[in-house]
Amino acid sequence: MIREIWQYLTTPVAFSYVRNKGFLKEAIAMAARARRCRRQWDKHYRYCEQTIVNAAKDLDHRHTVLIIGAGSLRDVPLDYLARHFEQVLLVDLVFLKAARRQAAVYTNVQLIEHDVTESLEDIFDGDPSIHKPSRWLDDEQVDLVVSLNLITQLPLIPVRQLIVNNRISEHQADEIGRKLIRAHLDYLQRFPGRVCLIADRESVEYNVYDEETDRLDTWWEVEAPSEEESWDWELIPFGEGRANRRQINRVAVSIL
Ligand SMILES: C[S@@+](CC[C@H](N)C(=O)[O-])C[C@H]1O[C@@H](n2cnc3c(N)ncnc32)[C@H](O)[C@@H]1O
């Protein structure tokens with residue numbers, strides 16, 4: 001707990017809403033859960049790394065790779081990317097110190113704190129219009145883009161804020177969530193190079209008898225692109241979340 005408070009107080013952030021609206025708290029909580037659930041999560045991290053290596057392997061050019069949602073870097077094959085690309089751009093709203101230290105080892109790796117929806121400032125000012133993201137679209141050096149366990153997370157904090165502060169209806173909340181997901185998908189599809197989307201597709205909860213107790217469409221009913229492969233990520237093992245429940249997310253890869 002002291003470690004988490006210290007992280008909260010000392011992590012530098014580029015935007016005040018990262019601290020005020022809960023993104024920093026989420027990043028710290030996720031890092032703590034990753035330590036507690038190392039045995040279950042490592043398998044998922046290795047699948048992500050291998051998927052990114054496979055996506056990079058047969059490219060004709062390897063100038064720049066853009067990893068969106070790099071966060072903890074635990075699912076990024078950083079050493080491989082730094083050796084095979086001229087430039088590695090790691091994008092997220094929050095980078096904790098462990099990620100900063102890891103990236104600092106490489107001269108061609110850059111951490112970029114950036115809101116990939118390009119809408120958060122306005123949303124937190126109470127304007128729920130969702131913009132079309134455009135950053136890096138005109139950068140011809142970008143040969144590979146990876147959206148990494150991020151797309152289904154994009155609506156969570158902004159939609160919650162709009163419900164609490166602006167009292168939007170459930171229907172409006174769903175619509176804004178869908179717009180954020182669609183806008184990210186459109187953004188990815190506008191890159192001319194290879195794009196690899198790694199994202200959870202559904203989340204299923206089980207009781208101790210291995211009976212399904214709940215199922216969630218993590219895509220807010222937006223149609224997801226076709227899958228190349230998928231695996232299970234035991235996100236919440238028994239003893240970690242609600243009593244006698246575990247949660248498994250199916251994570252899938254799409255090449256856009
Ligand atoms: C499930 S985590 C995945 C992060 C990383 N791939 C990992 O597994 O540690 C989702 C990430 O999305 C980031 N994120 C959420 N909304 C974002 C936004 N609008 N712009 C950029 N990053 C965002 C969060 O900070 C978080 O690091």
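This briefing covers the overall fold, surface and nonpolar cores of the protein. The model is predicted. It has 256 residues, and its radius of gyration of 18 Å agrees with the value near 18 Å that a compact globule would have. Its secondary structure consists of 9 helices and 8 strands.

**Overall dimensions and contacts**
- The C-alpha trace extends about 50 × 40 × 40 Å along the principal axes.
- Among contacts with a separation of 6 or more, 65% join residues that lie 24 or more positions apart.

**Burial, surface and charge**
- Buried residues make up 50% of the 256 in the protein.
- The accessible surface is about 13,100 Å², and carbon and sulfur atoms contribute 47% of that area.
- The protein carries 33 positive and 41 negative charges, and the mean positions of these two sets are 7 Å apart.

**Nonpolar cores**
- In soluble globular proteins, nonpolar side chains tend to be buried together.
- The largest nonpolar core holds 43 residues, of which F23, L66, I68, W136, V145, F191 and W219 touch the most other members.
- Helix 9, residues 170–189, supplies the largest share of this core with 7 residues.
- A second core, separate from the largest one, has 37 residues, including A82, F95, C196 and L235.

**Contacts of F23**
- Leaving aside residues up to four places away in sequence, F23 touches Y17, V18, L93 and V94, and also L120, F124, I157 and P158.
- F23 is also one of the residues that touch the most other members of the largest nonpolar core.

Technical notes. Residues numbered from 1 in each chain as written. Predicted model: local features only at pLDDT ≥ 70, side-chain atom pairs only at ≥ 80, totals over all residues. Heavy atoms only, no water. Helix = DSSP H or I, 4+ residues; strand = E, 2+ residues; numbered from the N terminus. Rg over C-alpha atoms; globule rule 2.2 N^0.38 Å. Buried < 20%, exposed > 50% of the residue type's maximum accessible area, 1.4 Å probe, protein only. Contact = heavy atoms within 4.5 Å. Areas by Shrake-Rupley, 256 points an atom, 1.4 Å probe, with all protein chains shown as cover. Lys, Arg positive; Asp, Glu negative; His and termini not counted. Charge placed at Lys NZ, Arg CZ, Asp CG, Glu CD. Core = buried A, V, L, I, M, F, W, Y, C linked by side-chain atoms within 4.5 Å.
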